[in-house]
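Here are a few exercises to work through with the structure open in your viewer. Try each task before you read its solution.

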Amino acid sequence: MGRSSSSKLVQGAALKQLLRRCSSSLGRKQGGDYDLEGTPMDVPKGHFAVYVGEKRSRHIVPISFLSHPEFQLLLRRAEEEFGFDHDMGLTLPCEEVAFRSLTSMLR
């Protein structure tokens, strides 16, 4: 049991680092209302912004989504498709309708 919780902590830490890199690069490149860590001020504590769909609509989601395998799969796909060096922030390769359906199930 200790081994699985240890790997979950490591995986969670890696995903949080990914989010920090994406949001901090967004803050540096676009300016605007950001805190000292580069996180947008309109994002409540315990949440993060993602961009989804063809029009890159912005969604605020809870950090707890990071523990769901389905959401982790989206993050891996985002890394493969977009990498980390782009101006838009954390963009997920998912249609907006599918994203809304997934997030409604995760809540």
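**Exercise 1.** Count the aromatic pairs in this predicted model, then classify the pair formed by Phe48 and Phe71.

*Solution.* Step one: pair up rings whose centres lie within 6.5 Å; the count comes to two aromatic pairs. Step two: for Phe48 and Phe71, the centres are 6.0 Å apart and the planes sit at 70 degrees. Angles over 60 degrees count as edge-to-face, so that's the label for Phe48 and Phe71. Step three: place the two rings. Phe48 belongs to strand β1 (residues 47–52) and Phe71 to helix α2 (residues 69–82), so this pair ties together parts that are 23 residues apart in sequence. Step four: follow the ring pairs, and you get a cluster of Phe48, Phe65 and Phe71.

**Exercise 2.** Work out which elements build the largest nonpolar core.

*Solution.* Start with burial: Phe48 and Phe71 are both buried. Next, the core itself has 16 residues, and those with the most contacts inside it include Phe48, Phe71, Leu74 and Phe99. Now sort by element: β1, α2 and α3 (96–106) each give two or more residues. Helix α2 supplies the largest share, with four residues.

**Exercise 3.** Describe the overall fold pattern and the burial of the protein.

*Solution.* First, tally the elements: three helices and three strands. Then read along the sequence, which gives α-β-β-α-β-α. Of the 107 residues, 36% count as buried. Finally, take the contacts with a separation of 6 or more: 51% of them join residues 24 or more positions apart.

Technical notes
Residues are numbered from 1 along each chain as its sequence is written. This is a predicted model: local features need pLDDT of at least 70, side-chain atom pairs count only at pLDDT 80 or more; totals for chains, interfaces and linings use all residues. Side-chain values use heavy atoms; hydrogens and water are left out. Rings of Phe, Tyr and Trp (its six-membered ring) pair if their centres lie within 6.5 Å; planes under 30 degrees apart count as stacked, over 60 as edge-to-face and the rest as tilted. Buried means under 20% relative accessible area, exposed over 50%, partly exposed in between (1.4 Å probe, protein chains only). A nonpolar core is a set of buried Ala, Val, Leu, Ile, Met, Phe, Trp, Tyr and Cys residues joined through side-chain atoms within 4.5 Å. Contact means heavy atoms within 4.5 Å.
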